[in-house]
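Colleague: Please take a close look at the ligand site, and follow it into the protein around it. Which residues are the closest to the ligand?

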Amino acid sequence: MAFNQPAPQLGNQYTTDRVLRSYLARALPAQMLKEIEREFIELGELAGDELYRLQLGDRLNEPVHTPWDAWGNRIDHIEVSPLWKRAERLAAESGLIATAYERRHGRHSRIHQFALVHLFTPATDVYSCPLAMTDGAARALIASGNKALIDRAVPHLTSRDPAQFWTSGQWMTESTGGSDVGLTETTAKRDGECWRLYGRKWFTSAATSQMALTLARPEGNPGGGKGLALFYVESRNAGGQLDHILVHRLKDKLGTRKVPTAELTLDGTPATAVAGEADGVRNIAPMLNVTRTWNSVSAVSYMRRGLALARDYAAKRIAFGAPLAEKPLHVDTLAGLQAEYEAGFHLAFFAVELLGRDETDGLDAAGRDLLRLLTPIAKLVTGKQSVAVLSEILESFGGAGYIEDTGLPLLLRDAQVFPIWEGTTNVLSLDVLRALQSGSALSALQIEIETLASSVRDLHLLECAKAAQAAMQHTQQWIAKASGDVIEAGARRFAMTLGRAFALLLLCRQAQWSLDHEKDPRALAAAARFAQNGVDMIAAEDLVFSNSLANDGPA
Ligand code: MFK
């Protein structure tokens, strides 16, 4: 019989995730965790077993767009994959959105919700995309204070009943640009009490949603983001047809291929203004901040999925006379990736904690500035980590990692979207600079840094905390000196350094807790390794660049 390599298996994705379990044990009241842990165990079991098998079996199914029926009627039907249909029911019944709005556990409800998201995302072929937008839409509608729309839509968006549950789109991107949203060309014309929208939306993710929030420029308004208004659209009319919306085609994408991302035209689409007739970018920002948080947790959850598969494979795959798990270089490689996962996890969940506190009135102005700062930072750091980690994960399988029907390549292709949608790394780095303008964000961060550093006693962890604090100091020295083009050119290194150094401190706190309460040194090892991977991206590079700009003026 020929030799076959063993296929990797997944166990229960909750019980085998030390990082998630140890974090929840530290961050949640013991009684709360006892009450809700069954939900994690059940979803973890589904994720590692039945849903994983469905994913492998469903691999080649992709959404199909049928523009016309046999009799020439325009129908624009989009048929999604079987796993997506299952995921929609599961998401409603498991309260993937509802948990955050029922707030059974006050400020901890967001942690509860995002722990479910962490288990759900890698098991459901990016069904987290419509869910992220649904959560964001509920949040933006509530923030708008528009009672009629809140009463109409939020009960659907937050329902646990699959028959009542709606998802929402976030129709922002036009061909003029996904980053510079102020260039939006879609116009809004008054129609009695309502509005009608005219324009082309170039990337509309999850085009099967029952509603969407979108931006358009009311006639006569000035250009730029301030001249846009935020609109609420219900996709279908009472007869179930798309309401003055034409779907042209689905995008042919590198990854997230189960997500039906459409190009569509709004051709007199009825719409309701959500919050006045201007300031659309400001009014959609609460949605963006929620979807960016989903992005952070989803990026982290993909790293975890890759590591779970790679670790299982390493235990079974024998090469050069021993399992890979006994080969020092292989183990060392996985340890470097595990450290990235652990640090990214704590960064993403810190943003989640702040969001939960903000929604339950637990944040003062400085805390809100900190949330505003850390949301894009968590997104940009974890997005980049996930691509780098998944690339290495594929390599850790050798040639098998490059073969489609192992199900491995799609992990990397899907992960590649995390640094792109919801704001590219560069756009978010500039957003970080904007978030600092409030003044108190950096001092709020400094207070957190000192609190985290003071929670550490172990000598190795003290060294790590010192490295993180030195990197933080570096960012502060740099931002105090840099200006103009130098600041913009260094914005990514600045944001990355803030994020990675802060992530290291969060990991140090968890590691100390884990030593004290679990006698477990593995988080400590991860912290040491993450520090070694590098947290200070500024180094001398920016100072050199700033000098060269100064010396190399126009000829
Ligand atoms: C698994 C997870 C899945 C996630 C779901 C993905 C599916 C969805 C796919 C997509 O829709 S991808 C498209 C996402 N698009 C973006 O993320 C846009 C990226 N571009 C930016 O973020 C730009 O920075 C921005 C559009 C905001 C720049 O536009 P402007 O008009 O130059 O904004 P400006 O002047 O900076 O800000 C306008 C107002 O909004 C200001 O308030 P004021 O009017 O009071 O001065 C800002 O403070 C406020 N603002 C902007 N960003 C904010 C914000 N407020 C709070 N939080 C923010 N993040």
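Modeller: Here is the ligand site first, then one buried residue, then a pocket. This is a predicted model, in which local features need pLDDT of at least 70 and side-chain atom pairs pLDDT 80 or more, while totals for chains, interfaces and linings use all residues. Numbering runs from 1 along each chain as its sequence is written, and side-chain values use heavy atoms, without hydrogens or water.

Start with the shell. Ser179, Lys226, Asn289, Arg292 and Arg434 are the closest to the ligand, out of 27 residues around it (each has a heavy atom within 4 Å). Sort the shell by class: 11 residues are polar, nine nonpolar and seven charged. (Asp, Glu, Lys and Arg count as charged; Ala, Val, Leu, Ile, Met, Phe, Trp, Tyr, Cys and Pro as nonpolar; the others, Gly among them, as polar.)

Now the polar contacts (N or O pairs within 3.5 Å). Ser179 uses its backbone: a polar atom there is 3.0 Å from a ligand nitrogen. Arg282 uses its side chain, with a polar atom 3.0 Å from a ligand oxygen. Arg434 also reaches a ligand oxygen, from a side-chain N or O atom at 2.8 Å. The ligand alone has 1200 Å² of accessible area, and the protein covers 80% of that (Shrake-Rupley method, 1.4 Å probe).

Which helix gives the most to this shell? That is α9, with eight residues. α7 (128–144), α9 and α13 (425–435) each supply at least two. (Helices are DSSP runs of H or I, at least four residues long, numbered from the N terminus.)

Thr293 sits in α9. Thr293 counts as buried because its relative accessible area is 4%, where the limit is under 20%. In space, Thr293 lies 6.7 Å from Lys379, C-alpha to C-alpha, yet the two are 86 residues apart in sequence.

Helix α9 (280–316) also helps line the second largest pocket. (A pocket is an open set of points on a 1 Å grid over the protein atoms alone, with protein on both sides within 12 Å along at least five of seven lines; lining residues have an atom within 4 Å of a point.) Its lining has 21 residues, with Arg18, Arg311, Leu334, Ala335 and Gln338 nearest the centre. Here α10 gives the most, with eight residues. At least two each come from α1 (18–27), α9, α10 (328–359) and α18 (522–533). By class, this lining has 11 nonpolar, seven charged and three polar residues.

Note on methods: 1 Å grid on protein atoms, 1.4 Å probe; cavity = no way out; pocket = protein on both sides within 12 Å on 5 of 7 lines; lining within 4 Å. Polar contact = N/O pair within 3.5 Å; in protein donor to acceptor, adjacent residues only side chain to side chain. Buried < 20%, exposed > 50% of the residue type's maximum accessible area, 1.4 Å probe, protein only.
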